[in-house]
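Me: Please take a close look at one part of this model, the cavity and what lines it, and then set it beside a few buried positions elsewhere in the chain.

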Amino acid sequence: MADDKVQIAKEKPIIWALPIKEVLSFLNTSTSGLTTKDVQARILSYGKNAIEEREKIRVWEIFARQFKSTLVLILAVAAVVSFFLGEHLSAAVILLMVFLGAGLSFFQEYRAEKVLQALKKYLTLKVRVLRNGQVAEIDSKELVPGDIVYLDIGDVIPADIRLIELKDMTTDESVLTGESLPVLKEVTVVSKQYSVPQYLHNMAFMGTSVSSGSGNGVVVATGKNTFFGETSKYLQEKNETDFQKNIKKFSNFLLKVILSMAVFIFLGNVLLGKSIIDFLLFSLALAVGITPELLPLVITIALSSGAVRMSKKMVIIKRLISVEDLGNIDTLCCDKTGTLTEGKISLIDYIDWNGQRDSKILLYGLICNSADIKAKHKVFTNPLDKAIWDNEGVKQLELVLGKMVCLDKIEFDFERKRQSSVTKDGDRLDLLVKGAPESVLSVSTNIEISGEKRSLDAKLKAEFNERVVNYEKSGYRVIAVAKKQIKKEAAEVVDEKDLTLVGFLLFLDPAKQTAKEALRKFNELGVDIKIITGDSAVVTQKICSEVGLSIVENKIILGEDLDKLNPQQFEEYSHRYNIFARTTPEQKFKIVTSLNKEGRIVGFLGDGVNDAPALKAADVGISVDTGTSIAKEAADIILLRKSLRVLAEGITEGRKTFGNITKYILNTVSSNYGNMMTVALSSFWFSFVPLLPSQILLNNFLSDMSMLTISTDNVDDEFVRKPKRWNIKLISRFMLYFGPISTIFDLITIGFLIFIFRASIDLFRTAWFVESTFSQIIVIFFLRSKLPFYKSRPSKSLFIAVFLVVAFALFITYTSFGRSFFGFTNMPISVLIMIFFVLIFYYAAAEIAKRILYKKFDI
């Protein structure tokens, strides 16, 4: 078998659609397994059974990447200029903000590197394999295609395996498909038309586990070529969140404004014959003055405050920038299990032939059960038996159960698909049987209708089958219950005959009672819900109907439907439809990326390994505390309870955080622009520098300091009703609206100072500094809301901060420190009165302009 590579490298067939002999032939192996020589050759050809390693990124490289941002570059230049202007404290503060932001980004990217490592941990296990004619235990990394592997209950499946022999084997595939119930495995051939794991009953998949029974099979794919390995490929895809994209856009916008203003002022003054050195420094100081150097700190405080508030609502933030992204999402993709439903199978009803609830049938289900009816701590071998005991109706049967005695049991097996118990009630012995409807029907000859036993004729059998089909179409898992009186205390399988059908047990993962209200909340928040589940279309449709989630065009898109689409059609379906069933991890990933391409801000809620690629691709990956480790590692946000209502509250908090960051940017950029434009224009007419560089930087610093409490500010209810995005057009309009208004009133102040008060240079600079500082800071109370300022109350923290800062700005002008260090002088009371009235008219103008702006542009 040395030429294995040539033999197996030919066009790969659809493994699950071939008889097992052809599979073994294609893999150039047999049921006797491989030899050591075969294995060595195949490891050289196919590599280890592990996810492909990629070149490790050095820590310093990750850190260095954080300084490629345009905003970081602007702030770094501002720090250098401040230092050479003698503003060492300002330079230190700016650099601190730069390194704080870089440190946070470094931590986030470094954490992302751990995602792939978490996935690889799933492959570090031992397996039993047939080598050289003998069963040996080896590391799963040594497995190769063609190996014969033995599986037993509890084993984690180490590779993709085509099953050969089985003994009542079921597997837990929830980490791969999202299905909560164990899947019964078979060895029969599967049609070529199927390609998603949910339909491939003759395959066992890497990363899933054996729930019951045992079996063996041949390895058909290892490492990155498995269904599970495909997950790692998509986890290596890089993505940039909406927050990061918009920070980049804002930085580029800011850079253009700063450069154009600095060049314009410098060249204008040089052409007027003024000092090149003085006005070069002046121009650079203006550029720094426009720069919101505390933006990284304001964002960090706002995001951290939002994260703390969210934690109180059971939403844990792993990645700070996700606070804002969460608030801005307009599309949420999630599974139905645990979000729309309770996340566990429940007994919904126990009914007789007439469709009436009958506690006797519940009683039979409790006795004919894997759990001991007398045991205090019950042990269950399957979730259906547990669901029966968890039903509320059990309490009413406690007295009856106390009198019953279970004498013998015939356990469930997948050949019979039923189980039996012999029970004693007084002197009466009964054989109780429950199981798959077709199995119980095959050993029944009678049926109980309205307390009367009737013979099961062809018509009643047909009606029985029709009812079962209807129940299953409604999304129920159906178990039939039958009985007969016997005369012996020990039962055998041969006694399972001539039974009387008495009714049905109906199981379902029920809809959450809070789901309908949560969906209404999402609708109010303007968030579209898309369900992407591994479950069946029938069950999904029923749950959507129960919770009031409309299905677009009443059409559920299946995984196999998506496989038939070209890329353009796939994107169209992703955007158009809102319910997807029987999906694979790759399809979930592609749906999320398609929505991202459309420009949506996407959140993805998932808790399984199958969800990890989509979690990383989404703008906001959301997992739950009970999720798999790989899902939690890939996520940005962890919910302590899997609930849409909890998530909706988190979105509201995220929008409040975004609202407060937006307030800072709009107020600071427009105010700085107005003040600096005034300084720039006045510089053309004055022979002296209108404001000293130190005064410009102090003005800007005080303005920023007053904004540090903006993260605590109240946010209007109207703002959180719809998803918002960073809007560069809004920022520029704000700047062009309120900047000139600020400039006009600054020029009015200048007019009074020059023509009325005949102010000296020092008095001119002092008065202008006070007026510009007050106008820039206090105007936040008028610009922080679309509502009239008197209808939107600011937070106490913001109010106090603004009061203290403006008081300090006025106070420092009367101190010896202010006079010697900043060149201030004492202002007469008449100048203060003039400033007061100018500010009153400015705030009134700002309020009027705000209403015009929001009305004109409908923002």
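Reply: What follows begins with the protein as a whole, goes on to the cavity, and ends with two threonines.

The model is a predicted one, and its secondary structure comes to 32 helices and 23 strands. Of the 859 residues in the protein, 56% are buried, while the surface that the protein exposes amounts to about 37,200 Å², with carbon and sulfur atoms supplying 57% of that area. Among contacts between residues at least 6 apart in sequence, 73% join residues that are at least 24 apart.

Rolling a probe the size of a water molecule over the atoms shows where empty space is left. In this structure there is one cavity of 30 Å³ or more, and the volume of the largest cavity is about 30 Å³. Its lining is made up of W353, I447, E448, F464, L501, V502, G503 and F504, and the elements that give two or more residues to this lining are strand 14 (444–449) and strand 17 (499–508). Strand 17 gives the most, with four residues. In character, the lining residues divide into six nonpolar, one polar and one charged.

Turning from the cavity to the buried positions, T226 is found in the loop that runs between strand 7 (209–221) and helix 8 (227–235). With a relative accessible area of 1%, T226 falls under the 20% cut-off and is therefore counted as buried. The side chain of T226 reaches the backbone oxygen of G223 at 2.8 Å, and, once its neighbours within four places in sequence are left aside, T226 is in contact with D160, M206 and A221. The C-alpha atoms of T226 and I161 are 9.4 Å apart in space, although these two residues are 65 residues apart in sequence.

The other threonine, T813, has its place in the loop between helix 30 (796–812) and helix 31 (816–822). Here the relative accessible area is 0%, so T813 is buried by the 20% cut-off. A polar atom of the T813 side chain lies 2.6 Å from the backbone oxygen of L810. Not counting residues up to four places away in sequence, T813 touches T766, F769 and V770, and also F824, T825, N826 and M827.

Taken together, T226 is a buried loop residue whose side chain reaches a backbone oxygen, that of G223, and T813 is likewise buried in a loop, with a side-chain polar atom 2.6 Å from the backbone oxygen of L810.

Definitions and conventions. Residues are numbered from 1 along each chain as its sequence is written. This is a predicted model: local features need pLDDT of at least 70, side-chain atom pairs count only at pLDDT 80 or more; totals for chains, interfaces and linings use all residues. Side-chain values use heavy atoms; hydrogens and water are left out. Buried means under 20% relative accessible area, exposed over 50%, partly exposed in between (1.4 Å probe, protein chains only). Contact means heavy atoms within 4.5 Å. A polar contact is a pair of N or O atoms within 3.5 Å; within protein, one must be able to donate a hydrogen and the other to accept it, and residues adjacent in sequence count only if both atoms are side-chain atoms. Accessible areas come from the Shrake-Rupley method with a 1.4 Å probe; for residues, only the protein chains shown count as cover. On a 1 Å grid over the protein atoms alone, a cavity is a set of points where a 1.4 Å probe fits but cannot get out, and a pocket is an open set with protein on both sides within 12 Å along at least five of seven lines; lining residues have an atom within 4 Å of a point. Grid points are joined across faces, edges and corners, and a volume is the space filled by probe spheres set on the points. Ala, Val, Leu, Ile, Met, Phe, Trp, Tyr, Cys and Pro count as nonpolar, Asp, Glu, Lys and Arg as charged, and the others, Gly among them, as polar.
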